[in-house]
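Student: I'm new to this one and would like to find my way around it. Could we go through it with a few questions?

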Amino acid sequence: MTTLAIFKPHCLKNPIAYETIQQMLKANGLQVIARKRIMLSRNEAEQFYQEHRSKFFFRRLVSLMTSGPSEVVLLSGDNAIQRWRSLMGPTKVLKSVYTHPDCIRSNFGISDTRNATHGSDSEQSVALERKFFFGEAVL
C-alpha cells in the first residue's frame, strides 16, 4: 500500500525536523518510493486544497504552501496511510502536544496550519493526490 506525504515549507527549512522525519519513516517501515521538491503556485495550492476553500484557514494555508518549496513523497509499506497518519499525529498542534507528544506535529508543528506535514486520508485521496503531483507516471 502507498500513501502521499508532503513536508511543508517551514518543515523543509528546519534540517533537524526534516532529518528526524526521515529517520521516523525508516524506523516505522515506510519506504520512500518517489520524492520531488516543488514550489507551488498560488493557483496550484488553491486547486490542491480546494476542499477547504470555504474554511476560515484557507487563505493562510495557501499562503503557507506558496511561501517556499515543499517536498512531496510517496511512501510504501503495510497499512501506509494509517501508519503515516499516526506518525504525523493530530492536525491540531496543541492537541498533539498533549495526546501524542512523540508525533511529528507535536515536535515540529507551529500552528494548526503550519503543522509540518500533510498526509492522504484514504486510498481515494492517495490516487487523486498522486495524480496531482506525479501525473500518470507509474512508479
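Tutor: Sure. One definition before we start: two strands pair if DSSP finds at least two bridges between them. Keep in mind that this is a predicted model.

Student: In what order do the four strands of the open sheet come?

Tutor: The sheet here is an open one, and its strands pair in an antiparallel way. Strand E2 (31–38) and strand E4 (117–119) are the edge strands, since each pairs on one side only. From one strand to the next, the twist averages 20°. Reading across, the order is E2-E3-E1-E4.

Student: Which residue in E3 does Leu-4 stand opposite?

Tutor: Start with the two strands: E1 (residues 2–7) and E3 (residues 70–76) run antiparallel, and six bridges join them. Farther along, Phe-7 stands opposite Glu-71 in E3. For Leu-4, the residue opposite is Leu-74.

Student: And what is the bridge partner of Ile-6 in E4?

Tutor: E1 and E4 run antiparallel too, joined by three bridges. In E4, the partner of Ile-6 is His-118.

Student: Which helix packs on the sheet?

Tutor: Look for a helix that touches E1, E2, E3 and E4. Its direction makes about 55° with that of E1. E1 itself is mostly covered, with five of its six residues buried. The helix you want is H8 (residues 123–134).

Student: Is Thr-117 buried or exposed?

Tutor: Thr-117 is found in strand E4. Among the residues it touches are Ile-6, Phe-7, Trp-84 and Met-88. Buried means under 20% relative accessible area. Thr-117 has 0%, so it counts as buried.

Student: What is the phi of Ala-116 near?

Tutor: Ala-116 lies in the loop between helix H7 (104–108) and E4. At 0% relative accessibility, Ala-116 is buried. Its phi is positive, in a residue other than glycine, and it is near 80°.

Student: Is Asn-79 buried, partly exposed or exposed?

Tutor: You'll find Asn-79 in the loop between E3 and helix H5 (80–88). Asn-79 also has a positive phi, near 50°, in a residue other than glycine. The buried class stops at 20% and the exposed class is over 50%, with partly exposed in between. Asn-79 has a relative accessible area of 46%, so it is partly exposed.

Conventions. Residues numbered from 1 in each chain as written. Predicted model: local features only at pLDDT ≥ 70, side-chain atom pairs only at ≥ 80, totals over all residues. Heavy atoms only, no water. Axes fitted to C-alpha atoms, helices over the stretch in contact; angles between N-to-C directions. Contact = heavy atoms within 4.5 Å. Buried < 20%, exposed > 50% of the residue type's maximum accessible area, 1.4 Å probe, protein only. Lists of a residue's contacts leave out its neighbours within four places in sequence.
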